[in-house]
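Here is a set of short exercises on reading a protein model. Try each task before you look at its solution.

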Amino acid sequence: MSLSQSAPVLPDLRQTQIVEWLTTLGRIPTLPATLRPASADASFRRYFRIDTAAGGTLIVMDAPPPQEDVRPFIEIGALFAGIGLSVPEVLAQDVERGFLLLSDLGSTTYLQQLNNDDSIDNAHKLYMDAVDALVLLQTKSQPDVLPEYDRAFLSRELQIFPEWYLGKHLKATLSDQQNADLGKVFDAILANNLAQPQVFIHRDYHSRNLMLLPNGNPGVLDFQGALYGPITYDIVSLLRDVYIQWSEAQVLDWLIRYWERAKRAGLPVAPDIDTFYRDFEYMGLQRHLKILGLFARLYHRDGKEAYLKDIPLVMDYVRKTALRYRELIPLVRLLDKLEDKTVQVGYTF
């Protein structure tokens, strides 16, 4: 969507406030009347693009309090910029109202570029750029800078799966035995996750949050939830992306290249690739179970139907991983039983 300079702003209170705020930024010559949607995400945040008097564009983040807080974005953005990542620069801020004016990293995400490009060579270059940026981030990690991705946090995320995916989406009520079996699977996942070395993690390091830039790839967005946590988290987000799927052979190739770079950089990855791959898989399972719950919640609570189309890919990741490890097989058996039940009563995605 593109608005001309004289086009009216939609009758939206927050947008009206943004336009009024922009007009006060005399030191930054923007053209508020060109405000137009740039993107939205799974939270309450929205993004708008505006033109500048000099002919460029900037981004406005609308993060309405009390649901959102722009301070983590400001603080973590400064941290990541200091490390050397390509992140938006904060040009102006109204913390109380939740408005930020940001530099514009463009409109081409990795996902858009990958979907429009059939060349695996070009995909390889993008992924190696993303791997190099990730290794850079991890080598600068320090404890007590970002909040810890601890057992309580990881456990809360896992609980979104039985509450929203099993309970709300599949309309299932688990028996005591099923709850006990699922609890053992969760314990196995958490034991692995918590035994991994800890580093800075972005937490959503995937193709929708990485931008194609003329130089300094990738541009990195949506980092306000960064934590200090398991070292495999971001690489599994990147390679087992819930919005685009690669063959197992390709994923393994890129994973080995990351592992080799990480070892050369002195990062504390597992010393052998088999152990590292297991860590990668268990971390991915935690993430993907959480995402199944999140996508169900976005649909049932927030009315965001678009995420339903991504559930089959996420479930494919979950099933394939769980089938490879004996202690995770009860999860597959549970899913088989519950999904058979939903077919019988006519529920579908």
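The exercises below cover cores, helix packing and backbone details.

This is a predicted model: local features need pLDDT of at least 70, side-chain atom pairs count only at pLDDT 80 or more, and totals for chains, interfaces and linings use all residues. Residues are numbered from 1 along each chain as its sequence is written, and side-chain values use heavy atoms, with hydrogens and water left out.

**Exercise 1. The nonpolar cores**

Find which residues touch the most other members of the largest nonpolar core.

Solution.
- Start with the term. A nonpolar core is a set of buried Ala, Val, Leu, Ile, Met, Phe, Trp, Tyr and Cys residues joined through side-chain atoms within 4.5 Å. Buried means under 20% relative accessible area, exposed over 50%, and partly exposed in between (1.4 Å probe, protein chains only).
- The largest core holds 100 residues. Phe161, Leu166, Ile235, Tyr258 and Leu331 touch the most other members.
- Next, look at helix H9 (residues 273–300), which gives the largest share of this core, 12 residues. Helices (H or I, at least four residues) and strands (E, at least two) are DSSP runs, numbered from the N terminus.
- Now take Leu331. Leaving out residues up to four places away in sequence, Leu331 touches Phe161, Leu182, Val185, Leu285, Leu289, Val318 and Ala322. Contact means heavy atoms within 4.5 Å.
- Another core, of 14 residues, lies apart from the largest one. Val19, Ile28, Phe48 and Leu101 are among its members.

**Exercise 2. Two helices against H9**

Work out how H8 is oriented relative to H9, then do the same for H6 and H9.

Solution.
- Axes are lines fitted to C-alpha atoms, for helices over the stretch in contact, and angles run from 0 to 180 degrees between N-to-C directions.
- Use the classes: under 35 degrees is roughly parallel, over 145 roughly antiparallel, 65 to 115 roughly perpendicular, and the rest oblique.
- Helix H8 (residues 248–264) and H9 cross at roughly 115°, and their axes come within 11 Å. H8 and H9 are therefore roughly perpendicular to each other.
- In this contact, Glu248, Val251, Leu252, Leu255, Ile256, Tyr258 and Trp259 of H8 meet Ile273, Phe276, Tyr277 and Phe280 of H9.
- Helix H6 (residues 176–195) packs on H9 at about 125°, with the axes 9 Å apart. That makes H6 oblique to H9.
- On the H6 side, the contact residues are Phe186, Ala188, Ile189, Asn192 and Asn193. On the H9 side, they include Arg278, Asp279 and Tyr282.

**Exercise 3. Cis peptide bonds**

Locate the loop that holds Pro66 and the one that holds Pro218.

Solution.
- Pro65 and Pro66 are joined by a cis peptide bond, with omega about 0°. Pro66 sits in the loop between strand S3 (57–62) and helix H2 (71–83).
- The bond from Asn217 to Pro218 is also cis, with omega near -10°. Pro218 is in the loop between strand S7 (210–211) and strand S8 (219–220).

**Exercise 4. Positive phi**

Decide whether Lys171 is buried, partly exposed or exposed, and do the same for Asp222.

Solution.
- Lys171 is not a glycine, yet its phi is positive, about 55°. Lys171 lies in the loop between helix H5 (151–169) and H6. Its relative accessibility is 44%, so Lys171 counts as partly exposed.
- Asp222 is not a glycine either, and has a positive phi of about 55°. Asp222 is in the loop between S8 and strand S9 (227–230). Its relative accessibility is 16%, so Asp222 counts as buried.
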